[in-house]
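Colleague: Before I use this model, I would like to go through the terms attached to it and hear what each one rests on.
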Amino acid sequence: QVQLVESGGGLVQPGGSLRLSCAASGIIVSINTMGWYRQAPGQQRELVAIISSGGRVDYADSVKGRVTISRDNAKNTVYLQMNNLKPEDTAVYYCKANLRQGGRTWDTDYWGQGTQVTVSS
């Protein structure tokens with residue numbers, strides 16, 4: 001049984017920083033990509049950043065230069081360091097992992113429960 005547990009969200013002033021964490025637990029054979037998505041009220045969910053098993057990264061244009069995605073494979077954990085936050089970054093942030101669960105021959109997407117990030121003065 002695979003679960004993703006997120007943490008690190010909260011209220012921060014414009015220009016501030018947060019680090020989000022998401023750990024995958026359960027019987028996991030391998031993890032392919034891990035990514036962060038966000039969804040603002042009334043908006044579609046959008047990709048923020050993604051990292052492959054080999055460490056290749058990609059970012060949305062709106063956050064380039066302000067965020068860094070990383071992963072710790074030994075802990076099955078992905079991080080999102082966010083700096084110089086802006087009010088338009090306010091959203092629920094979700095992590096996603098594409099992985100192979102033990103006992104299966106196919107890969108599956110798993111989502112975290114989401115963590116609220118609010119940027120306001």
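Modeller: Let us start with a definition: a disulfide is a pair of cysteine sulfur atoms within 2.5 Å. Please keep in mind that this is a predicted model.

Colleague: What makes cysteine 22 and cysteine 95 a disulfide?

Modeller: Their sulfur atoms are 1.9 Å apart, and the cut-off is 2.5 Å, so the pair qualifies. A search of the whole structure finds one disulfide. Cysteine 22 belongs to strand β3 (residues 18–25) and cysteine 95 to strand β9, so the pair ties together parts that are 73 residues apart in sequence. Both cysteine 22 and cysteine 95 are buried, a word that stands for a relative accessible area under 20%.

Colleague: Why is glycine 65 called exposed?

Modeller: Its relative accessibility is 83%, and exposed begins over 50%, so glycine 65 falls in that class. This glycine 65 lies in the loop between β6 (57–59) and β7, and its C-alpha atom is separated by 13 Å from that of glycine 15, which is 50 residues away along the chain.

Colleague: Which class do asparagine 76 and asparagine 84 fall into, and what makes their phi values worth a remark?

Modeller: Asparagine 76 has a relative accessible area of 23% and asparagine 84 one of 41%; the class between 20% and 50% is called partly exposed, so that is the term for asparagine 76 and likewise for asparagine 84. As for the backbone, most residues other than glycine have a negative phi. Asparagine 76, in the loop between β7 and β8, has instead a positive phi near 50 degrees, and asparagine 84, in the loop between β8 and β9, also has a positive phi near 50 degrees.

Colleague: How do you know that β7 and strand β8 pair?

Modeller: Two strands pair if there are at least two bridges between them, and β7 and strand β8 (residues 77–82) have six, in the antiparallel sense, so the condition is met. Within this pairing, serine 70 has tyrosine 79 of β8 as its bridge partner. The two strands belong to an open sheet of four strands, in the order β1-β3-β8-β7, with antiparallel pairing.

Colleague: Why are β1 and β7 called edge strands?

Modeller: β1 (3–7) and β7 (67–72) each pair on one side only, and that is what the term describes. Across this sheet the twist averages 15 degrees from one strand to the next.

Colleague: Which strands pair with β11, and in which sense, parallel or antiparallel?

Modeller: Strand β2 (residues 10–12) runs parallel to β11 and is joined to it by three bridges, with valine 117 as the partner of glycine 10. Strand β9 (residues 91–101) runs antiparallel to β11, again with three bridges, and there valine 92 stands opposite glutamine 116. At least two bridges are needed, so β2 and β11 count as a pair, and so do β9 and β11. In a regular strand the side chains alternate between the two faces of the sheet. In strand β11 (residues 115–119), the covered face holds Thr115, Val117 and Val119, while Gln116 and Thr118 are on the uncovered one.

Colleague: What joins strand β5 to β4 and to β6?

Modeller: Strand β4 (residues 28–39) and strand β5 (residues 46–51) pair antiparallel over five bridges, tryptophan 36 standing opposite alanine 49, and they form a hairpin with six residues between them, where glycine 42 in the turn has a positive phi of about 75 degrees. β5 and β6 pair antiparallel over three bridges, isoleucine 50 having aspartate 58 as its partner, and they form a hairpin with five residues between them, where glycine 55 in the turn has a positive phi of about 95 degrees.

Colleague: How many cavities does a search of the whole structure find, and which residues line the largest cavity?

Modeller: With a threshold of 30 Å³ or more, the search finds one cavity, and the largest cavity holds about 40 Å³ of space. Its lining consists of Arg38, Val48, Val63, Arg66, Val67, Met82, Leu85, Asp89 and Tyr93.

Colleague: What makes three residues of that lining charged?

Modeller: Arg and Asp count as charged, and the lining of the largest cavity includes Arg38, Arg66 and Asp89. The lining divides into six nonpolar, no polar and three charged residues.

Conventions:
Residues numbered from 1 in each chain as written. Predicted model: local features only at pLDDT ≥ 70, side-chain atom pairs only at ≥ 80, totals over all residues. Heavy atoms only, no water. Buried < 20%, exposed > 50% of the residue type's maximum accessible area, 1.4 Å probe, protein only. Axes fitted to C-alpha atoms, helices over the stretch in contact; angles between N-to-C directions. 1 Å grid on protein atoms, 1.4 Å probe; cavity = no way out; pocket = protein on both sides within 12 Å on 5 of 7 lines; lining within 4 Å. Points joined across faces, edges and corners; volume = space filled by probe spheres on them.
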